[in-house]
Amino acid sequence: MSGRPSGLEQNEPQAGVAYGGGLLYTQTARGTIAAWDPATCRQKWSLKLASATMQYPPVWYDGLVYLHDGRGTALALRADTGAKVWEAPLSEYAAAPTVVDASGVWIGFDSLGRHHLDLKTGAELHSFHVPGVWGAYGHPVALGAGAAWTRSDASGDVTVIAWDQKTGKAVAKLPADATPVVGPGRVCVAHLGKVRALDSSTYKAAGTCTSSVEAATVRLVAGGYVYVEDADGRLVVLDEKTGKVTWSYRRYPEPHPRSIILAEDDARGFVVPGIATSASRLFVPSADGTLIAFGKA
C-alpha cells in the first residue's frame with residue numbers, strides 16, 4: 001500500500017484486515033480504522049478513535065462496517081465514507097470479535113455474556129449473562145443452527161453452550177476448549193485435541209480427528225471441508241461428512257515435546273485466526289508473515 005503497511009505495523013500494532021463491498025478494511029489495536037481500494041492500494045478513508053484496545057478487524061455487512069472499541073462502545077460506520085452511523089454503549093469491555101448476521105450485531109464478553117444489537121440503530125435487542133462463568137479472549141460468539149454458541153473455560157467447566165438466538169435459553173452443552181465453528185448442518189467442536197463434526201440437530205458425531213499434542217482449533221467450515229489448526233503446527237483439512245484427513249500443510253515448526261500449548265494458541269502464544277476461502281481458493285497466513293493461496297479450497 002505504497003509504504004503504508006510498514007508504518008501501520010510499526011506504529012499501530014496488531015493490525016487486522018477484512019474484506020467487503022469491494023474494499024479492504026484495516027483496524028489496529030490503537031483504534032485506527034481505514035478503507036483501501038484493493039486494486040490500487042490507495043486509502044479511501046481513515047478514522048482514528050479517541051481510545052481503543054482492539055484485536056480483531058471490523059465486519060462489513062450490507063453497506064456498513066461494524067466494530068467495537070474494546071472499551072465499552074460498539075459502532076457502525078458507512079463503508080464507503082467512514083461516516084459514523086451510530087454508537088452504542090456496552091455493559092463491559094470486550095476483546096472478542098464482532099459477529100454480524102441478518103438478525104443483528106453480536107458481541108461476547110468474558111463473563112459468558114453477549115450483546116445483541118440492532119443493525120440500523122445499535123439499540124440493544126438482547127443481553128445475556130451467566131454469573132461466575134468466564135471465557136478466554138473476550139468469549140467470542142459463533143452463530144449457526146439457530147443458536148449463539150459461547151464458550152466457558154472456567155475451572156472444571158471447559159464447555160461450549162448453544163443458546164437459542166430468540167429466547168436465550170440453553171439448548172445444548174458440549175465439552176470444548178476452543179470456539180466452535182458452524183457449517184451447513186454441522187457444528188464442529190474441539191476438546192483436548194479431539195475434533196468432532198456434530199450434526200447440528202442431533203449433536204451426534206459424524207466424524208472425529210485427534211491432535212498428537214492434544215490441542216486443536218477448528219478455524220473454518222466451507223465447501224464440504226473442515227479446516228483445523230492443529231497445535232502441532234499443521235493446517236489439517238478434513239472431509240466434513242467422514243471426518244477423514246484429505247490433506248495437510250505445515251504452517252509452523254513442530255513445538256518442543258514439553259511445550260504447554262492450549263487450544264486457540266500455538267507455541268508462540270494466542271494467534272488471531274486468518275483462514276478464508278474465495279473463488280475455490282484457500283488463503284492461509286504462514287509463519288514468516290506471508291499469505292499463501294492454495295489452488296483448491
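**Exercise 1. A hairpin and its faces**

Over how many bridges do E9 and strand E10 pair, and in what sense?

*Solution.* Begin with the ground rules. This is a predicted model, in which local features need pLDDT of at least 70 and side-chain atom pairs count only at pLDDT 80 or more, while totals for chains, interfaces and linings use all residues. Residues are numbered from 1 along each chain as its sequence is written, and side-chain values use heavy atoms, with hydrogens and water left out.

Step 1. Fix the terms. Strands are DSSP runs (E, at least two residues), numbered from the N terminus. Two strands pair if DSSP finds at least two bridges between them.

Step 2. E9 and strand E10 (residues 104-109) pair in the antiparallel sense over 4 bridges. A hairpin connects E9 to E10 through 2 residues. Asp-101 has Gly-104 in E10 as its bridge partner.

Step 3. Look at the faces of strand E9 (residues 98-101). Thr-98 and Val-100 on one side, and Val-99 and Asp-101 on the other, are all buried. Buried means under 20% relative accessible area, exposed over 50%, and partly exposed in between (1.4 Å probe, protein chains only).

**Exercise 2. A second hairpin**

Find the partner of Ala-76 and the residue with a positive phi in the hairpin of E7 and E8.

*Solution.* Step 1. Strand E7 (residues 73-78) and strand E8 (residues 84-89) run antiparallel, joined by 5 bridges.

Step 2. Ala-76 stands opposite Trp-86 in E8.

Step 3. The hairpin has 5 residues between the strands, and Gly-82 takes a positive phi near 85 degrees.

**Exercise 3. Two open sheets**

Which strands stand at the edges of the sheet E21-E22-E23-E24?

*Solution.* Step 1. Write the order. This open sheet of 4 strands runs E21-E22-E23-E24, with antiparallel pairing.

Step 2. Strand E21 (216-222) and strand E24 (245-250) each have a single partner strand, so one side of each is left without a neighbour in the sheet.

Step 3. The twist averages 20 degrees from one strand to the next. Axes here are lines fitted to C-alpha atoms, and angles run from 0 to 180 degrees between N-to-C directions.

Step 4. Inside the sheet, strand E22 (residues 225-230) and strand E23 (residues 234-239) pair over 5 bridges. Glu-229 stands opposite Leu-235 in E23.

Step 5. Repeat for the open sheet E17-E18-E19-E20, where the pairing is antiparallel. Strand E17 (181-183) and E20 are at the edges, each with a single partner strand, so one side of each lacks a neighbour in the sheet. E17 and E18 are joined by 3 bridges. Val-181 has Cys-188 in E18 as its bridge partner.

**Exercise 4. The nonpolar cores**

Which strand gives the largest share of the largest nonpolar core?

*Solution.* Step 1. A nonpolar core is a set of buried Ala, Val, Leu, Ile, Met, Phe, Trp, Tyr and Cys residues joined through side-chain atoms within 4.5 Å.

Step 2. The largest nonpolar core has 15 residues; among those touching the most other members are Cys-188, Val-195 and Leu-238.

Step 3. E21 gives the largest share, 3 residues.

Step 4. A second, separate core of 14 residues includes Tyr-66, Ala-76, Trp-86 and Leu-119.

**Exercise 5. Two residues in strands**

Are Gly-207 and His-116 buried or exposed?

*Solution.* Step 1. Gly-207 is in strand E20 (residues 205-210). Gly-207 is buried, with a relative accessible area of 9%. Its contacts (heavy atoms within 4.5 Å) beyond four places in sequence include Val-195 and Thr-242.

Step 2. His-116 lies in strand E11 (residues 113-117). His-116 is buried too, at a relative accessible area of 4%. Beyond four places in sequence, His-116 contacts residues including Trp-106 and Glu-124.

**Exercise 6. Aromatic pairs**

How many aromatic pairs does a search of the whole structure find?

*Solution.* Step 1. Rings of Phe, Tyr and Trp (its six-membered ring) pair if their centres lie within 6.5 Å; planes under 30 degrees apart count as stacked, over 60 as edge-to-face and the rest as tilted.

Step 2. The search finds 4 aromatic pairs. Tyr-25 and Trp-45 form a tilted pair, 6.4 Å centre to centre with 45 degrees between the planes. Both Tyr-25 and Trp-45 are buried.

Step 3. Trp-247 and Phe-294 have ring centres 5.1 Å apart and planes at 50 degrees, so this pair is tilted. Trp-247 counts as partly exposed at 26% relative accessibility, whereas Phe-294 counts as buried at 16%.
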